[in-house]
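Reader: Please show the structure, and then justify the terms that are applied to it.

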Amino acid sequence: MADLSRKSARPLSPHLQIYRPMLTMMMSIVHRITGSALYVGTLLLVWWLVAAAAGPAYFEVADGFFGSIVGQLILFGYTWALLHHMLGGIRHFIWDFGHGHGAEARELLAKGTLAGSIVLTILVWIVVIILR
Amino acid sequence: MKADIRTPLGRVRGLGSARDGTGHFWRQRLTAASNVPLLLYFVVFLISVQGTGHAGLVAALQNPLNAIAMLLVVISAVVHMRIGMQVIIEDYVHAEGLKILLLMGNTFFAVFVGLALVFSILKIGFGG
Ligand code: HEM
């Protein structure tokens, strides 16, 4: 029979703030944050493409903004958010197919996602600048 | 293909806590998969039209292949992001009224973004 007295010895569900921050947990949160940033960022694409559809005069304003320092910084950030979220998504696929659930594998995947997103973002922007 | 992991009762009701059974879970994975090639194409497209001005962008989108690919980008991303944001709202917002309001707002946002982008791509693609 169930021993009710043992129940009290079980750990309570702890709150987030008592965990030592771990890379795997940060990557999980960052996947959510980048997803949200991409969500809001679709408005930038709406501005740019609707302006293009409205005509050259409107387009110059939007395109001028994205060409400015601030605009370029936003696009750089968006590139990283997209690539990080994409690699994070691929990590989810690996898990969905039943792989990479061990502690070491998760740590490796987390590091790979972070390093990969930074390297890819820099590579993309090298291409952007070369082709400018 | 799509394995049904619901219980018979769940299937009859066609509901879950999200009122949508496993449909959202599956569609989130489906669009995540289609997003990978589509968003990579999107990045390449943006790089290819940078600095070409209005005329360059219009010319690129008047190529049906680009217009079709961009439409796929928009549809895949918008469906994906709407489900993703719904999950986030359901995770953090527990007051029923506010939750429904935010879920409605989420759908309106996704429909607005999707329609605005599809219309713009079609308008340019059809020539002006
Ligand atoms: C580029 C390829 C992409 C891949 C591979 C991808 C993959 C994924 C996956 C697998 C999830 C589910 C995560 C989970 O179950 O916890 C997810 C969540 C999400 N995605 Fe994406 N995604 C991509 C692009 C995008 C884009 C372009 C947007 C927005 C415009 C977006 C917005 C979101 C949001 C808001 C969530 C919910 C986050 C959460 O629940 O924590 N994703 N994505």
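Author: The count of salt bridges between chain A and chain B is two. The model is predicted, with pLDDT of at least 70 needed for local features and 80 or more for side-chain atom pairs, while totals for chains, interfaces and linings use all residues. Residues are numbered from 1 along each chain as its sequence is written, chains are lettered from A and ligands numbered from 1 in the order in which they are written, and side-chain values use heavy atoms, leaving out hydrogens and water.

Reader: Why is the meeting of the side chains of A:D96 and B:R29 called a salt bridge?

Author: The term requires a side-chain nitrogen of Lys or Arg within 4 Å of a carboxyl oxygen of Asp or Glu. The N to O distance between A:D96 and B:R29 is 3.0 Å, so the pair qualifies.

Reader: How many residue pairs are in polar contact between chain A and chain B?

Author: There are seven such pairs, with both residues at pLDDT 80 or more. A polar contact is a pair of N or O atoms within 3.5 Å; within protein, one must be able to donate a hydrogen and the other to accept it, and residues adjacent in sequence count only if both atoms are side-chain atoms. On the side of chain A that touches chain B, α1(A) gives the largest share, 12 residues. By class, this side has 19 nonpolar, four polar and four charged residues. Here Ala, Val, Leu, Ile, Met, Phe, Trp, Tyr, Cys and Pro count as nonpolar, Asp, Glu, Lys and Arg as charged, and the others, Gly among them, as polar.

Reader: What area do chain A and chain B bury between them?

Author: They bury about 2,800 Å², with 77% of it on carbon and sulfur atoms. Buried area is the accessible area (1.4 Å probe) that two parts lose on being put together, summed over both. Of the area that chain A buries against chain B, 26% is supplied by A:R32, A:Y39 and A:L49, more than by any other three residues.

Reader: What makes the ligand site shared between chains?

Author: Residues from both chains A and B surround the ligand, and therefore the site is shared. The ligand is surrounded by 23 residues, the closest being A:R32, A:H85, B:Q28, B:R29 and B:H80; a residue is counted if one of its heavy atoms lies within 4 Å.

Reader: How do you know that A:R32 makes a polar contact with the ligand?

Author: An N or O atom in the side chain of A:R32 is 2.6 Å from an oxygen atom of the ligand, so the pair meets the cut-off.

How values were computed:
Helices (H or I, at least four residues) and strands (E, at least two) are DSSP runs, numbered from the N terminus.
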